[in-house]
Amino acid sequence: MKILVLPAYYYPEQAASPYLGDNIREAMCNAGFILDLYAPMPTRGVSEEIRFEYKERKIEYKYDNKLVIHRFPMYSEGKNPINRALRYGICWCVQFGKGLCAKDIDLIYLASTPPIQGALGCLLKKIKRVPFVYNLQDIFPDSLAGTGLVRKDGLIWRIGRVVENFTYKHADKIIVISEGFKRNIMAKGVPEEKIVVVYNWVDQNAVKNVARKDNKLFDKYHLDRNKFYITYSGNIGLTQNMDLLLDVARSLEDNEEIQFVLIGEGAYKEQVKEVITRNNIKNVALLPFQPYEDISHVFSLGDVGIIISKPGVGENSVPSKTWSIMSASRPVLANFDENEIKTILSENECGVFTKAGDKQAFTDAILELYRNRELCRKYGENGRKFVMENLTREIGTQKYIDLSLIHISEPTRH
């Protein structure tokens, strides 16, 4: 049984939650599948030396040769959005050709980055007459509208909706990461029986509590172990409401025990640096992305881990970092649109929810947790318990394997 996989990014690139794809592929190989993967030369978060090294690697094998990785040459991504979009388009064409030539394929599996990958899967499905499973990690063009990058009913929005509808119509199964995603695409006409909700999981063995005395990041970045830390780890982009977070940090500067640490990269990081410098904000440390092998140290660094978004942006999503915070036995502090996150945090007593954009409630929650360390400990323990019972790597990947087995064994609907 062979599965065709066409990712936009692949190891050693630094992309959002890279472990998810790695976990899925390893589990599929362990279940007996053969994976044929075609990816461009690495670009995101890698040096030119690494790019040159991979230029010579045309084919690689992993997991007892069950994962076959084919590399094709491609220019660097860069930061210019037009160049990035053009690169996506060229990669799409190359992967379409590679997919056409791939032999003995039983299933096509693609994720939603970039959003045009869905259309790629649909076209290959029709030509090769095999099922197509679509992993919807982000809803385009809704997410672009949420950031203000496109206008609803504008040209880009309308083009995005055409691609979106085409993908939903022809995919045999759509995996979504939240109930909010499910409601969103059902409202666009997708039948419920085509949708499967699979929350993004966390590798509970890779992300676990590291005692503060053993956490090497304190020494590496000269952080005082006696402070109370509020940490954010992930994409520092347009949707994460970094301006609100910095405003809250400034309002708490008089309390020298409360410190903020932001770990990550993204399109808004330079603006964050500028705001910190311009306003001489002394209680915010800005750190780069850390290697995945140090992920337990990252999510154990803070006393509290936060998830945050601008109002209207996160109503359908559940950020994967939520589970990593919980897996590290840390309380979650959310400043987010109301969705199942609020219910999970409340019903399982593993964090505090505040409404997206509510600066006062967010500030009050930080002070509440700062003043009640026992509550922090309790929330952290409950979060780890919830992960172990519901969101382990084994539970999540098995759902992908089951879906693949079902669709390989069933005839494709045309």
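Reader: Before we get going, what does contact mean here?

Author: This is a predicted model, so the atom positions we talk about come from a prediction. In it, two residues touch when their heavy atoms come close enough, and the cut-off for contact is within 4.5 Å.

Reader: Good. Which elements do the buried residues of α3 pack against?

Author: Start with the residues of α3 that are buried: R87, Y88, C91, W92, Q95, F96 and G99. Going by contacts, their packing partners are three strands and a helix, namely β1 (2-5), β2 (34-40), β4 and α4 (117-128).

Reader: How far does α3 reach from its first C-alpha to its last?

Author: The helix has 21 residues, and at 1.5 Å a residue 30 Å is expected. The model comes out close to that, with a reach of 30 Å.

Reader: What sits at the start of α3, and which backbone nitrogen does N80 reach?

Author: A side-chain oxygen of N80 is the atom to look for at the start of α3. That oxygen comes to within 2.8 Å of a backbone nitrogen, the one belonging to I82.

Reader: Which residues make the nonpolar surface patch of about 240 Å²?

Author: Take Y75, which lies in the loop between β4 (67-72) and α3 (81-101). Its relative accessible area is 32%, so Y75 counts as partly exposed. A patch residue needs over 30% relative accessible area. The nonpolar patch is made by Y75, L86 and I90.

Reader: Now charges. How many salt bridges does the structure hold?

Author: Each one pairs a side-chain nitrogen of Lys or Arg with a carboxyl oxygen of Asp or Glu, within 4 Å. The total for this structure is 26.

Reader: Let's try R51 and E48. Is R51 buried or exposed?

Author: R51 and E48 meet through their side chains in a salt bridge, at 4.0 Å from N to O. They are 3 residues apart in helix α2 (residues 48-55), so about one helical turn separates them. E48 has 53% relative accessibility and so counts as exposed. R51 has 8%, which makes R51 buried.

Reader: And the salt bridge of E265 and K269: how far apart are the closest N and O atoms?

Author: Here E265 counts as partly exposed because its relative accessibility is 30%. K269, with a relative accessible area of 8%, is buried. The closest N and O atoms of the pair are 3.1 Å apart.

Reader: What about E338 and K342, how far apart are their closest N and O atoms?

Author: E338 has 49% relative accessibility, so E338 is partly exposed. K342 is partly exposed as well, at 35%. The closest N and O atoms in their salt bridge are 3.5 Å apart.

Reader: Which residues do salt bridges that share partners join into one network?

Author: One member to find is E60, in strand β3 (residues 59-62). At 15% relative accessibility, E60 falls under the 20% cut-off and so counts as buried. The side chains of E60 and R71 are joined by a polar contact of 2.9 Å. The full network is E53, R57, E60 and R71.

Reader: Last one: which residues of helix α7 (residues 179-186) are buried?

Author: At the start of α7, a side-chain oxygen of S178 reaches to within 3.3 Å of the backbone nitrogen of G180. G180 itself is on the buried list, which reads G180, F181, K182, N184 and I185.

Terms used
Residues numbered from 1 in each chain as written. Predicted model: local features only at pLDDT ≥ 70, side-chain atom pairs only at ≥ 80, totals over all residues. Heavy atoms only, no water. Patch = residues over 30% accessible without salt bridge, like charges linked within 9 Å, V, L, I, M, F, W, Y side chains within 5 Å. Areas by Shrake-Rupley, 256 points an atom, 1.4 Å probe, with all protein chains shown as cover. Helix = DSSP H or I, 4+ residues; strand = E, 2+ residues; numbered from the N terminus. Buried < 20%, exposed > 50% of the residue type's maximum accessible area, 1.4 Å probe, protein only. Expected span 1.5 Å × (residues − 1). Polar contact = N/O pair within 3.5 Å; in protein donor to acceptor, adjacent residues only side chain to side chain.
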